[in-house]
Amino acid sequence: MDFNKLLQRAQKMQEDLEKSEAELKQKEYTNKVVSSIVNIKMNSDYQIEEIKFDDNFVKNFTKEDFEALRDAIMLAVNDISREITENKENMMSGLAGSINIPGLR
């Protein structure tokens, strides 16, 4: 394989990777748990940006209610984290699939 072609492919891969990373940074993930009682928005760096609670759900809270809320938040965060990880893996595998360098497979 021509070294210049190889270099061009590597540069294209780098550009594609940077584009994909920028797209991931812009994406926000939202999860609604138990009929929208808890809504959580997280970015692709796993940082929670917003948590909203249904007003009717929290107005007369007991200790048990707060425990249920805690559990609902944990479920929502874990679901969003899993979605972000899957999205990143899918994007990276798509980039890796475009690589066809002899001797590297």
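**Exercise 1. The nonpolar surface patch**

Determine which residues form a nonpolar patch on the surface of this predicted model, and how much accessible area they have together.

*Solution.* The patch consists of Ile48, Ile51 and Phe53, and together these residues have about 240 Å² of accessible area. To place Phe53 in the fold, note that this residue lies in strand S3, which spans residues 48-53. Next, consider the exposure class of Phe53. The relative accessibility of Phe53 is 34%, so this residue counts as partly exposed. The class follows because partly exposed covers the range between the buried limit, under 20%, and the exposed limit, over 50%.

**Exercise 2. The largest nonpolar core**

State how many residues the largest nonpolar core has, and which of them have the most contacts inside it.

*Solution.* The largest nonpolar core has 13 residues. Those with the most contacts inside this core are Tyr29, Val38, Ile40, Met42, Ile80 and Ile84. The elements that give two or more residues to the core are strand S2 (38-43) and helix H3 (63-97). Of the contributing elements, H3 gives the most, with six residues. As general background, nonpolar side chains tend to be buried together in soluble globular proteins.

**Exercise 3. A salt bridge within helix H1**

Identify the residue with which Asp16 forms a salt bridge, and describe the exposure of both partners.

*Solution.* The partner of Asp16 is Lys12, and their closest N and O atoms are 3.0 Å apart. This distance satisfies the salt-bridge criterion, because that criterion requires a separation within 4 Å. Both residues belong to helix H1 (residues 3-26), where they are four residues apart, about one turn of the helix. Asp16 has 23% relative accessibility and therefore counts as partly exposed. Lys12 is also partly exposed, with a relative accessible area of 46%.

**Exercise 4. Further salt bridges**

Give the number of salt bridges in the model, then examine the pairs that involve Lys52 and Arg70.

*Solution.* The count comes to four salt bridges. One of them joins the side chains of Lys52 and Glu50, with an N to O distance of 3.9 Å. Lys52 has a relative accessible area of 45% and is partly exposed; Glu50, at 31% relative accessibility, is likewise partly exposed. In another pair, the side chains of Arg70 and Asp71 meet at 3.1 Å, N to O. Arg70 counts as partly exposed at 47% relative accessibility, and Asp71 falls into the partly exposed class at 34%. In general terms, side chains of opposite charge can pair when their charged atoms come close.

Conventions:
Residues numbered from 1 in each chain as written. Predicted model: local features only at pLDDT ≥ 70, side-chain atom pairs only at ≥ 80, totals over all residues. Heavy atoms only, no water. Core = buried A, V, L, I, M, F, W, Y, C linked by side-chain atoms within 4.5 Å. Buried < 20%, exposed > 50% of the residue type's maximum accessible area, 1.4 Å probe, protein only. Patch = residues over 30% accessible without salt bridge, like charges linked within 9 Å, V, L, I, M, F, W, Y side chains within 5 Å. Areas by Shrake-Rupley, 256 points an atom, 1.4 Å probe, with all protein chains shown as cover.
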